[in-house]
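Here is a short report for work at the bench. Please keep the sequence and the model open while reading.

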Amino acid sequence: MDQAFSFIDHQICFAVKSNSNLAVLNVLAKLGSGFDIVTGGELARVLAAGGDATKIVFSGLGKQEADIQKALEVGIACFNVESHAELDRIQKVAAGLGKKAPISLRVNPDVDAKTHPYISTGLKENKFGIPSDSVFETYQYAASLPNLDVIGIDCHIGSQLTETQPFVDALDRVIMMIAKLKELGIQLKHIDIGGGLGVTYKDETPPSVAEYANAMRPALEKLGLKVYMEPGRSISANAGVLVTKVDLLKPTNYRNFAIIDAAMNDLIRPSLYQAWMDIQAVVSRTDVEAKTWDIVGAICETGDFLGKERELAFQEND
C-alpha cells in the first residue's frame, strides 16, 4: 500500500478495530505505520505497542472527554469529528488544556458502497459523518472555535468494497466540497480517504492495492493535498486463522451440528452479517465419511455459528 501511493505525500493509519493485538500493532509500528483509533482504549494499546502518537488519527462517534484529553496530551495528528456536539466537546477540553486541537470533519457523501448494510457507512441514513447538506455550515462553525485547528476532511463509506467506483465517486464529491470550502476561506492541509478495500473470503474479486490507488491517482494528484488512509481488513484479514477443535458431534434428522470450542465471541462476522468464512480441517481425514455440517459454538444463541452446510469429514477432538 505504501508503494502504491508513493506518487503523493501520504500516511497509512492502520485501523486498530480490525486487529488490536499488541504484537500485531508493534510489527506495524516498526514498519512506520500510523494508526486509526476509535476509543481511548485503542489509543492506550497503540502507545503500549510503540506506535508514534504523531501518526494517530482519532475517529469514532463517541469520544469521551478523558480520551480527548489524553490524545491532546500525547499530540495525535488529528481528530476526525463526526458531529456538531463533538466539536463543542473537543473545544472545551482543548481550552481547558490551553491547546489547539487539530481536527478534520468526517463528511457523509451519500455514496452507496455496494456492501452489506451493516458495514456501509457513507449513506445519508447511516449514523456516521456530517450530512452533505450541512458540511459547510459545520466547517464554518468549527473554524469559529478558538481552540480548534481545522486542517482536513475525512470520508469513509464502508468496508469490504469489491470495486473501485464507489471510492472514486466519494472522492469526487469530497473534492467538490474542498473547492467550496476554499471559496469560504477554509484552506485544508490533508484529505483522509478512509479505508474499506475488500479482501477475498470466498469468490470475491476485490481490486488490488495498485488498482485501488491508480483509480484515485488522477484526482489526488490534481488536488495536491497530503493523503491519509485507514486500511484495516485489507491488511489483517487474510493474515490470520482461527484454530478450533471439534468438541461434540450432534447429528439429527434435520441437520448435523458440530459443536466447536470457539464461538461468535471469537469470530462475530458470520453471526453479525451472515459473512462466509472458509473452514478447513487442519489434518484431512480419509477414514471418516464427509457429511454436511453446521459449525456452531456453545453460546446460548441460535445465531452462534461460524459456518452452515459445510461438507467436512472429522471426528470429535479433531
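The sections below go from the whole chain to helix contacts, annotated positions and backbone angles.

## Overall picture

This is a predicted model. The protein chain has 9 helices and 13 strands. Its C-alpha atoms fill a box of roughly 75 × 40 × 35 Å along the principal axes.

The chain has 318 residues, and buried residues make up 48% of them. Sequence separation is the next point. Take the contacts between residues at least 6 apart in sequence: 65% of these join residues at least 24 apart.

## Helix α3 against α4

Helix α3 covers residues 65–74, and helix α4 covers residues 84–97. Their axes come within 10 Å and cross at roughly 50°. The two helices are therefore oblique to each other. The crossing of α3 and α4 is right-handed.

Which residues of α3 and α4 meet? From α3 come Glu-65, Ile-68, Gln-69, Leu-72 and Glu-73. From α4 come Arg-89, Ile-90, Lys-92, Val-93, Ala-94 and Leu-97. By class, this contact of α3 with α4 divides into 6 nonpolar, 1 polar and 4 charged residues.

## Helix α4 against α5

Helix α4 also meets helix α5, residues 135–144. The axes of α4 and α5 come within 10 Å and cross at roughly 10°. Angles under 35 degrees count as roughly parallel, so α4 and α5 are roughly parallel to each other.

On the α4 side, the contact uses His-84, Leu-87 and Asp-88. On the α5 side, it uses Thr-138, Tyr-141 and Ala-142. The residues in the contact of α4 with α5 are 3 nonpolar, 2 polar and 1 charged.

## Annotated positions

Two positions carry UniProt annotations, both from an unreviewed entry. The first to consider is Lys-17, which UniProt lists as "modified residue: N6-(pyridoxal phosphate)lysine". Lys-17 is in the loop between β1 (10–15) and α1 (22–30). Is Lys-17 buried or exposed? Its relative accessible area is 53%, so Lys-17 is exposed. Leaving out residues up to four places away in sequence, Lys-17 touches Asp-36, Val-38 and Glu-42.

The other is Cys-300, listed by UniProt under "active site". Cys-300 sits in the loop between β12 (291–296) and β13 (305–312). Its relative accessibility is 79%, so Cys-300 counts as exposed.

## Backbone angles to check

Most residues other than glycine have a negative phi. Gln-160 has a positive phi of about 60°, although it is not a glycine. Where is Gln-160? Gln-160 is in the loop between β7 (148–154) and α6 (165–183). Buried means under 20% relative accessible area. Gln-160 has 10% relative accessibility, so it counts as buried.

Gln-274 is also not a glycine, and its phi is positive at about 55°. Gln-274 is found in the loop between α9 (269–273) and β12. Exposed means over 50% relative accessible area. Gln-274 has 57%, so it is exposed.

## In brief

Helix α4 meets α3 through residues including Arg-89 and Leu-97. Helix α4 meets α5 through residues including His-84 and Asp-88. Lys-17 is exposed, and Cys-300 is exposed. Among the positive phi values, Gln-160 is buried, whereas Gln-274 is exposed.

Definitions and conventions:
Residues numbered from 1 in each chain as written. Predicted model: local features only at pLDDT ≥ 70, side-chain atom pairs only at ≥ 80, totals over all residues. Heavy atoms only, no water. Axes fitted to C-alpha atoms, helices over the stretch in contact; angles between N-to-C directions. Helix = DSSP H or I, 4+ residues; strand = E, 2+ residues; numbered from the N terminus. Parallel < 35°, antiparallel > 145°, perpendicular 65-115°, else oblique. Left-handed = near helix turned anticlockwise from the far one by under 90°. Contact = heavy atoms within 4.5 Å. Nonpolar A, V, L, I, M, F, W, Y, C, P; charged D, E, K, R; others polar. UniProt positions renumbered as here; feature names shortened; annotations may be inferred. Buried < 20%, exposed > 50% of the residue type's maximum accessible area, 1.4 Å probe, protein only.
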